Amino acid sequence: MQRMILEQSVLTANPQLRYVVYAIIALLLTIINVVVIQLIAVAGVTPNLLLIMCVTIALIEGQFTGLLFGWCVGMVFDIASTDDIGLNALAMTVSSFIAGYFYLEGKTAKSLGTTRYLLVVALASLIYFTIYFLLFIRPVNSTVYDFLIKNIAASTLYTSVFSILPMLWFSRNMDRSS
Amino acid sequence: MQRLFEFIVRFKEYITLVLLIIMSFSFMTFGNVAKLGGFRALVIGTIGTVQSAFSWIPNPIALQSENSAMRDLNVQLSNEVVKMRRSVIENDKLRSMLDYKKSEYLPLLTAEVIGKTSTEARNYFTLNKGEADGVQDGMNVITDAGLVGIVISTSKHFCLVQIIINRDSRISSRIERTRSEGVLTWDGTEYLQMRNIPKSYDVQAGDNILSSELSNKYVKDIPIGTIIEVTSDGNSLFRKLKVKPHVNFSSLEHVFIILQTPNPERMKLEQELMKRIEKKFGRQ
């Protein structure tokens, strides 16, 4: 535990190192999101781990950093996946920006370790998937039911439910460190 | 300038957001993916390698849906195979029938078996040709394999054939090799029987049976079957022959009708003879 607290203090004291860690985690999550996320797909719906990370960054670092991070992660994901270049970047930028409104300076534990975090992820997911599917699917080719229920609502719900895991992790570790 | 700088710093989030949105739309609209092609290919290649490393992990949901799709495909392919096999068999049959039709000098009419009726060991086929096609009672029905039966009833577009495996069948026939004559009947099984063949006649299994010119109903020299068993009735002077018909009646689909009726003059003469006998000796 002491080691963890030490590591956290090192990261807190060194922002550059922190961003490098973020970048490494983002790359790993990109690979996971592209390669193995299909293993936990339910009726073709998968959670977006990168979005959860972007929301987390926005809640830890603030709106501006979250915004830039969201765009960069979105671009990387666009390149790694077969999506149109810029599509994920746009959706991720806007949802990170919205998540940044919930940034509480000096109260990171309150932002991440509570159900507030889930609600922010749910809102950001809703915005992300609405933008993504509006531009990607073009609803004229799909029924309203399919578009709303399956594509947006189901993806939002799954991503929100999945964010319980980081919330619990943050809740546990923030309590220990405090 | 200072105020502009302050404005930018104050609204940096919004300005950045707008810029990033514009950049994203620019990539989506004008972005030349081909320029990224090499880099993208590298990334996708790397991811593909990682993906292959994880490919051993089973995905139950994907497997379930794949299984379902495979089952559907399997059923479709099975149906296709059945159809193709049927087509091949039908094609072979029609080809052999065509060859037979070319080699046969008798006037033949091709017909299709559209119905099979069996009542108390009396078996009949319904064909899709009738009086409109020139079919008449008494015409023989054959295939390239041999004799099928005889037309016993006609309508405008259909006719009824009494096939040789019928308890009413009596076919004057002849053993091809020795020219020995006999009468073929049906014993209710899949075989025909030829009785009253004297033991002195040279008969053996494998001999072919043809229709005889003694018959006033059947055209002569039509193959009927092959002797598969020759038995002696104890102290009797005769032999009993078991004959396997050449025609497989269970799978018959196409036949030929010989458009030739028995000689009316001969029929008339024989019928008059029968009447005279009946008149003299009475109906027995």
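Reader: What percentage of the 284 residues of chain B count as buried?
Author: Happy to start there, with the reminder that this is a predicted model. A residue is called buried when its relative accessible area is under 20%. Among the 284 residues of chain B, the share that counts as buried is 29%.

Reader: And what share of the 178 residues of chain A count as buried?
Author: The under 20% cut-off for relative accessible area applies here too. Chain A has 178 residues, and the share of them that counts as buried is 48%.

Reader: How many helices and strands are there in chain A?
Author: Reading along the sequence of chain A, you meet the pattern α-α-α-α-α-α-α-α-α. There are no β entries in that pattern. The count for chain A is therefore nine helices and zero strands.

Reader: How many helices and strands does chain B have?
Author: Chain B holds both kinds of element. Its helices include α5(B), residues 264–281, and its strands include β4(B), residues 147–154. The full count is five helices and 12 strands.

Reader: Why is α3(A) described as largely enclosed by the rest of the structure?
Author: Let's go through helix α3 of chain A, which covers residues 49–61. Its buried residues include A:Leu49, A:Met53, A:Thr56 and A:Glu61. The helix is largely enclosed because of its buried count, which is 12 of the 13 residues.

Reader: How far apart are the end C-alpha atoms of helix α4 of chain A?
Author: Helix α4(A) runs over residues 63–80, which makes 18 residues. At 1.5 Å a residue, the helix should span 26 Å. The model agrees with that expectation, as the end C-alpha atoms are apart by 25 Å.

Reader: How many of the 18 residues of α4(A) are buried?
Author: This helix is largely enclosed by the rest of the structure. That description rests on its buried residues, and of the 18 in α4(A) their number is 14.

Reader: Is A:Asn33 buried or exposed?
Author: You can find A:Asn33 in helix α2 of chain A, residues 15–35. Leaving aside neighbours within four places in sequence, A:Asn33 is in contact with A:Pro47, A:Asn48, A:Leu49, A:Leu50 and A:Phe77. Its relative accessibility is 8%, and the cut-off is under 20%. So A:Asn33 counts as buried.

Reader: Which residue of β4(B) is the bridge partner of B:Ile142?
Author: Look at strand β3(B), residues 140–142, and strand β4(B), residues 147–154, which pair in the antiparallel sense over three bridges. The two strands form a hairpin with four residues between them. Across this pairing, the partner of B:Ile142 is B:Leu147.

Reader: Which residue of β5(B) is the bridge partner of B:Ile150?
Author: Strand β4(B) also runs antiparallel to strand β5(B), residues 159–163, and five bridges join them. A hairpin through four residues connects the two strands. In β5(B), the partner of B:Ile150 is B:Gln162.

Reader: In what order do the six strands close into a barrel?
Author: The barrel belongs to chain B, and its pairing is antiparallel. One of its pairs is β7(B), residues 181–186, with β8(B), residues 192–198, held over four bridges. In that pair, B:Trp186 stands opposite B:Leu192. The order of the strands is β6-β7-β8-β11-β10-β9.

Reader: By how many degrees are neighbouring strands of this sheet turned against each other on average?
Author: The sheet in question is the barrel of six strands in chain B. With direction ignored, the average turn between neighbouring strands is 40 degrees.

Reader: Which residues touch the most other members of the largest nonpolar core?
Author: The largest nonpolar core has 44 residues. One of its well-connected members is B:Leu127, whose contacts include B:Val141, B:Phe158 and B:Val255. The residues that touch the most other members are B:Phe125, B:Leu127, B:Val148, B:Phe249 and B:Ile257.

Reader: Why does B:Glu270 count as partly exposed?
Author: B:Glu270 is found in helix α5 of chain B, residues 264–281. Buried means under 20% relative accessible area and exposed means over 50%, with partly exposed in between. B:Glu270 counts as partly exposed because its relative accessibility is 27%.

Technical notes:
Residues numbered from 1 in each chain as written. Chains lettered and ligands numbered in written order. Predicted model: local features only at pLDDT ≥ 70, side-chain atom pairs only at ≥ 80, totals over all residues. Heavy atoms only, no water. Pairing = 2+ DSSP bridges. Buried < 20%, exposed > 50% of the residue type's maximum accessible area, 1.4 Å probe, protein only. Core = buried A, V, L, I, M, F, W, Y, C linked by side-chain atoms within 4.5 Å. Contact = heavy atoms within 4.5 Å. Axes fitted to C-alpha atoms, helices over the stretch in contact; angles between N-to-C directions. Expected span 1.5 Å × (residues − 1).
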